[in-house]
Amino acid sequence: MTTERLVPISIVGARGRMGKTLIREIVLSDSMILEAAVDREGGAGLGQDAGRLAGLHDIGVTVVDDLRPRRNSVVVDFSLAPATDANIRRCVEAGVPLVLGTTGLQKSTRELLRSASREIAIVSAANFSVGVTLLTKIAGLVAGSLGESWDAELLEIHHSHKRDAPSGTALRIAKAVAKATGRELEGVMRTDRAGEQARPRERGEIGVAAVRGGDSIGEHTLMFLAEGERLELTHRAFDRAIFARGALRAARWVAGKAPGLYSMADVIGLGDLG
């Protein structure tokens with residue numbers, strides 16, 4: 001395969017766990033090439049070879065602190081939320097697609113993302129796992145079939161260092177359940193049943209519980225409970241590389257796509273998940 005047929009990828013957040021994993025996956029790929037590795041200004045590792053940073057051999061790409069994407073490339077951003085606005089604007093200025101995996105975005109950033117998607121193609125997701133994307137689709141289908149007579153409860157588990165709770169993925173799954181049964185998640189989600197919040201479960205509630213501990217990469221179990229039976233749908237992540245592979249699948253898919261705001265459901269051909 002010639003280099004002209006390879007998809008050039010710029011990684012933003014190169015020094016993070018996902019950034020290093022993305023670099024390794026690109027170097028080992030026969031369909032992509034690492035164009036740039038970007039990290040925050042003043043961060044340790046600037047000037048280092050990206051291959052060495054990722055635990056591989058030198059590849060001739062130096063870690064820099066300035067994103068300057070070239071046309072016909074794709075930017076994959078797994079950096080920190082405060083940097084997202086500037087990264088979106090850089091992609092719009094350069095006219096290149098963006099794959100965004102940064103979570104915890106402010107409302108203003110989400111609005112900027114929607115505005116930018118009128119000019120460039122963007123794939124944005126809280127979770128790039130193909131399995132989680134399928135679970136979200138299945139959750140909506142099952143909820144729509146069972147209706148509100150079955151109680152829906154979601155349990156998510158992540159490592160002890162994760163800050164946000166519930167996880168963005170848990171909220172996405174719960175939203176799919178709510179939409180399938182004609183409800184708005186904000187009006188029916190319960191995340192606390194202790195203390196002053198203690199009361200019997202109400203019909204139509206969607207419970208979401210978070211567990212933090214150990215080194216769990218991510219586990220989501222959606223339960224549908226009725227009199228005499230319980231249905232459980234579970235996804236467990238055992239290797240962080242699954243998220244990198246999903247994001248890079250999205251990068252290959254979005255290259256050359258028309259402007260728009262896409263999801264992983266679009267990438268794997270499932271359409272809107274809500």
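Ala180 sits in helix H6. Helices (H or I, at least four residues) and strands (E, at least two) are DSSP runs, numbered from the N terminus. This is a predicted model, in which local features need pLDDT of at least 70, side-chain atom pairs count only at pLDDT 80 or more, and totals for chains, interfaces and linings use all residues. Residues are numbered from 1 along each chain as its sequence is written, and side-chain values use heavy atoms, with hydrogens and water left out.

**Around Ala180**

Is Ala180 buried or exposed? Ala180 is partly exposed, with a relative accessible area of 33%. Buried means under 20% relative accessible area, exposed means over 50%, and partly exposed lies in between (1.4 Å probe, protein chains only). Leaving aside neighbours within four places in sequence, Ala180 is in contact with Gly140, Ala143 and Gly144. Contact means heavy atoms within 4.5 Å. Ala81 is 99 residues away from Ala180 along the chain, and their C-alpha atoms are separated by 30 Å.

**Two annotated domains**

UniProt, in an unreviewed entry, lists two domains. Their positions are given in the numbering used here, feature names are shortened, and annotations may be inferred rather than shown by experiment.

| UniProt domain (unreviewed entry) | Residues | Helix | Strand | Distance between end C-alpha atoms |
|---|---|---|---|---|
| Dihydrodipicolinate reductase N-terminal | 8-128 | 30% | 21% | 19 Å |
| Dihydrodipicolinate reductase C-terminal | 131-268 | 37% | 28% | 11 Å |

**The sheet of 7 strands**

One open sheet has 7 strands in the order S3-S2-S1-S4-S5-S6-S12, with parallel pairing. Its edge strands are S3 and S12, each of which pairs on one side only. Two strands pair if DSSP finds at least two bridges between them. Strands of a sheet pair through backbone hydrogen bonds, either parallel or antiparallel.

S1 and S4 are joined by 4 bridges and run parallel. Here Val12 has Asp77 in S4 as its bridge partner. S5 (residues 98-100) and S6 pair in the parallel sense over 3 bridges, and Leu100 stands opposite Ser124 in S6. Between S5 and S6 the chain crosses through helix H4 (residues 107-116), and this β-α-β crossover is right-handed. That means that, with the strands pointing away from the viewer, the path from the first strand over the helix to the second runs clockwise. S6 also pairs with S12 (residues 260-262), in parallel, over 3 bridges. There, Ile122 stands opposite Leu261.

Helix H8 lies across S1, S2, S4, S5, S6 and S12, at about 160 degrees to S6. Axes are lines fitted to C-alpha atoms, for helices over the stretch in contact, and angles run from 0 to 180 degrees between N-to-C directions.

**The cores**

Which residues have the most contacts inside the largest nonpolar core? They are Ile9, Leu22, Val76, Val99 and Phe128, in a core of 37 residues. Its largest share, 7 residues, comes from H8. A nonpolar core is a set of buried Ala, Val, Leu, Ile, Met, Phe, Trp, Tyr and Cys residues joined through side-chain atoms within 4.5 Å. In soluble globular proteins, nonpolar side chains tend to be buried together.

Ile9 touches residues beyond four places in sequence, including Ile26, Met32, Val76 and Leu248. A second, separate core has 19 residues, among them Trp150, Ala170, Val188 and Leu233. Helix H1 has buried residues too: Met18, Gly19, Thr21, Leu22, Ile23 and Ile26. They pack against S1, S2, H2, S4 and H8.

**The sheet of 5 strands**

The other open sheet runs S8-S9-S7-S10-S11, and its 5 strands show mixed pairing. Strands S8 (189-190) and S11 (229-237) form the edges. S10 (residues 218-226) and S11 run antiparallel, joined by 9 bridges. Thr221 has Thr234 in S11 as its bridge partner.

Two helices lie on this sheet's strands. H5 (residues 130-146) lies across S10 and S11, at about 165 degrees to S11. H6 (residues 168-180) lies across S7, S8, S9 and S10, at about 25 degrees to S10.

**Two loop details**

A cis peptide bond joins Ala165 and Pro166, with omega about -5 degrees. Pro166 is in the loop between S7 and H6. Asn72 lies in the loop between S3 and S4. Its phi is near 75 degrees, a positive value in a residue other than glycine. Asn72 is exposed, with a relative accessible area of 71%.
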